Amino acid sequence: MSHKITVTLPQLAKMIDHSLLHPTMTDADIRAGLQIARAHHVATACVKPYAIPLAKQELAGSDVLICPVIGFPHGNSTTEIKVLEATAAAQAGGAEIDMVVNVGKVLGGDWVYVTEEIRRINEAVVANGAALKVIFENDYLQPEQIARLCEICSQLEVAFVKTSTGYGFVKQGDGSYKYRGATVAHLKLMREKSAEKVQIKAAGGVRTLDDLLHVMSLGVTRIGATATVAILEEARKRGIGNEPVEVAFKPMVAEGITGGY
């Protein structure tokens, strides 16, 4: 079976949130990453809240937006603190806000708490002129929980639902930790269970041009990536430029939907 899609280089660049979220990143590391985001005209640079002033400085006059993360990476702050953090991040210059759900409340089925928290954060973000992306951390969840979150976010008219933080490692039986991030099965489920106007962001595991093209074909409109330079350089090598061109891609392995520990 042939897998093909028609794309342009600017279109691919504007699908990328360039991720600058690793806990060990120094200001110098973040500054270098922001210059990459600027040079490649990606959609946003994804930063921790304290780095918003640095991002504003480095991205001034560019077409790259700032995307701070809230309750990152485990989503365990109180709703009040998450609302304050999201409000402050939007007022400081964040155009898009990525927040993490309270995973324990999702796993416990406390949908009233989960819904109210997302509602309050979304209202605060929108009131300050920004858009919200809700991170589920799918590695921890079962399909029915992912579906329910999609339905809640659709009802609340959230801008994006997002698969993962990139840091949701799950403890295995042998004591090691494993992380998968965005999978084909989960992305299909999220697109199916979300309202049409809710966009899908794939994060974690989208590392190559082929990965990006495949998730695009599934209806994903944004990815979180650290491999931005490699992805866009490969696109140029394959003849993707400013004019639409049809390209073939190698599909990602379609993993089954699993969850839990």
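Author: Let's start with a word: buried means under 20% relative accessible area, exposed over 50% and partly exposed in between, with a 1.4 Å probe and protein chains only. One caution is that this is a predicted model, where local features need pLDDT of at least 70, side-chain atom pairs count only at pLDDT 80 or more, and totals for chains, interfaces and linings use all residues. Residues are numbered from 1 along each chain as its sequence is written, and side-chain values use heavy atoms, with hydrogens and water left out.

Reader: What makes the side chains of strand β1 alternate?

Author: In β1 (residues 4-7), Ile 5 and Val 7 face one way and are buried, while Lys 4 and Thr 6 face the other way and are not. β1 is called a strand because it is a DSSP run of E with at least two residues; helices are runs of H or I with at least four, and both are numbered from the N terminus.

Reader: How do you know that β1 and β12 pair?

Author: Pairing takes at least two bridges found by DSSP. β1 and β12 (residues 245-248) have 4 bridges in the antiparallel sense, so they qualify. Across that pairing, Val 7 sits opposite Val 245.

Reader: Which strands close into the barrel, and in what order?

Author: There are 8 strands, in the order β2-β3-β4-β5-β6-β7-β10-β11, with parallel pairing. From one strand to the next, the twist averages 25°.

Reader: Why is β2 called mostly covered?

Author: Just count: 5 of its 5 residues are buried. Ile 16, His 18 and Leu 20 point one way, Asp 17 and Ser 19 the other, and all are buried.

Reader: What joins β2 to β3, and β2 to β11?

Author: 4 bridges link β2 (residues 16-20) with β3 (residues 44-47) in parallel, and Leu 20 lies opposite Val 47 there. With β11 (residues 222-225), β2 pairs over 3 bridges, again parallel; His 18 stands opposite Ala 225. In β3, Thr 44 is the bridge partner of Asp 17.

Reader: What makes the step from β2 to β3 a β-α-β crossover, and which hand does it have?

Author: The chain goes from β2 through helix α2 (residues 27-40) to β3, and the crossover is right-handed. That name fits because, with the strands pointing away from the viewer, the path from the first strand over the helix to the second runs clockwise.

Reader: How do helices α7 and α8 pack, and at what angle?

Author: Helix α7 (residues 143-155) and helix α8 (residues 184-193) pack at about 35°, with axes 9 Å apart. The axes are lines fitted to C-alpha atoms over the stretch in contact, and angles run from 0 to 180 degrees between N-to-C directions.

Reader: What makes residues of α7 and α8 part of the contact?

Author: Contact means heavy atoms within 4.5 Å. α7 supplies Pro 143, Ile 146, Ala 147, Cys 150, Glu 151 and Ser 154, and α8 supplies His 186, Leu 189, Met 190 and Lys 193.

Reader: Where does α8 touch the sheet?

Author: α8 touches β7 (160-162) and β10 (199-203), and its direction makes about 165° with that of β10. Helix α4 (residues 79-91) lies across β4 (65-70) and β5 (96-100), at about 165° to β4.
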